[in-house]
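Work through the following exercises with the sequence and the model side by side. Try each task before you read its solution.

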Amino acid sequence: VKEYNNIKIFEHTFAIDLITKDGVCHGAIAFHETKGTMLIWAKQTILATGGCGQIYRETTNPEVATGDGLAMAYRAGAALQDMEFVQFHPTTLYIAGAVRFLISETVRGEGGILRNKKGERFMPYYHPQAELAPRDVVSQSILKEMQKTDHTHVYLDVRHIPKERLYNRFPKINEICASFGIDIAKDLIPVRPSAHYMIGGIKVNRFFKTTIKQLYACGEVACTGMHGANRLGSNSLLEGLVTGHGAGTHACLSIKKTKRDVSPYNIQ
């Protein structure tokens, strides 16, 4: 970014609301920790604020994923779509006081087995693919098993997999678990579902334009329709790259087509 003198970055800045008039977006209101409240006027505005996992008690999302972009768009009158489609990841590390670290699906792909508090394997009773069933099925099955056994979590068992293979294949998971005194080659890993990815969001078209003129949305805050109702793994970063590039490119082309100046006087 230092290569481009026309780009300004405001760190530690909180976006409060969009500036709109008659269904047209003209920028945003933000608060900076030293500059105070700022009105940022823009010919085109792009929302890339991520998901809303923090509205749930159990989530893999960072602390900043509080759905602010969705709320800003809603208050401005933008259409939201498929808001009921919130994907839960089936297996996140469940230890009191610990961050809900993701225990990747590849662990189950390597042969990991889900067991209840009695040590019983339960997934074959819920789906013929057992631990390899779709994310929503595994999450719902774990929840049902937790309710049946009156327990806060279940366990992922990889003790039957050779130790060297486990340590080499999952070094980060091994490191995180070890920090809590869990040896994945010897101990059961406590897991439970957590809110993971917002599939619904701000409705956009194929150019990632919202229903508010001069307002775009990209990444997790947008409902692109790319995932259906149940996202497959490993494509969230790709979605961010594709939609971010598309929104940025189209916004730039739109700016080149207009001679309108960025000024508050133009919206009075």
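**Exercise 1. Decide whether D22 is buried or exposed, and describe its backbone.**

Solution. Begin with the accessible area: D22 has a relative accessible area of 70%, and therefore it is exposed, where exposed means over 50% relative accessible area, buried means under 20%, and partly exposed lies in between (1.4 Å probe, protein chains only). Next, find its place, which is the loop between β1 (13–21) and β2 (24–32); helices (H or I, at least four residues) and strands (E, at least two) are DSSP runs, numbered from the N terminus. Finally, look at the backbone, where phi of D22 is near 55 degrees, a positive value in a residue other than glycine. Most residues other than glycine have a negative phi.

Before going on, note that this is a predicted model, in which local features need pLDDT of at least 70 and side-chain atom pairs count only at pLDDT 80 or more, while totals for chains, interfaces and linings use all residues. Residues are numbered from 1 along each chain as its sequence is written, and side-chain values use heavy atoms, with hydrogens and water left out.

**Exercise 2. Find the place of F208, and decide whether F208 is buried or exposed.**

Solution. The first step leads to the loop between β10 (201–203) and β11 (215–217), where F208 is placed. The second step is the accessibility: F208 is buried, because its relative accessible area is 10%. As a last step, read the backbone angle, since phi of F208 is near 70 degrees, a positive value in a residue other than glycine.

**Exercise 3. Describe the chain as a whole: which secondary structure does it have, and how much of it is buried?**

Solution. Start by counting elements, which gives six helices and twelve strands. Then take the extent of the C-alpha trace, which spans about 70 × 35 × 30 Å along its principal axes. Of the 268 residues of the chain, 44% count as buried. For the contacts (heavy atoms within 4.5 Å), consider those with a separation of 6 or more: residues 24 or more positions apart account for 61% of them.

**Exercise 4. Place S139 and L70 in their helices, and list what each one touches.**

Solution. Take S139 first, which lies in helix α3 (residues 135–149) and counts as buried because its relative accessibility is 8%. Not counting residues up to four places away in sequence, S139 touches F88, H89, P90 and P193. The C-alpha atoms of S139 and F88 are separated by 6.7 Å, although the two residues are 51 residues apart along the chain.

Now turn to L70, which lies in helix α1 (residues 68–76) and is buried, with a relative accessible area of 6%. Again not counting residues up to four places away in sequence, L70 touches T49, C52, L80, M83, G201, I202 and V221.

**Exercise 5. Which residues line the largest cavity, and which strand gives the most to the lining?**

Solution. On a 1 Å grid over the protein atoms alone, a cavity is a set of points where a 1.4 Å probe fits but cannot get out, a pocket is an open set with protein on both sides within 12 Å along at least five of seven lines, and lining residues have an atom within 4 Å of a point. The structure holds one cavity of 30 Å³ or more, and the largest cavity contains about 30 Å³ of space, where grid points are joined across faces, edges and corners, and a volume is the space filled by probe spheres set on the points. Its lining is formed by C52, G53, Y56, N61, V86, A195, H196, Y197, M198 and E220. Strand β9 (residues 189–198) gives the most, with four residues.

One lining residue deserves a further step: Y197 lies in strand β9 and counts as buried because its relative accessibility is 7%. Leaving aside neighbours within four places in sequence, Y197 is in contact with F85, V86, Q87, E220, H227, R231, S236 and E239.

**Exercise 6. What is the volume of the largest pocket, and which element gives the largest share of its lining?**

Solution. The volume of the largest pocket is about 1600 Å³. Its lining has 46 residues, of which T45, I46, L47, A48 and T49 lie nearest its centre. The largest share of this lining, seven residues, comes from α6.
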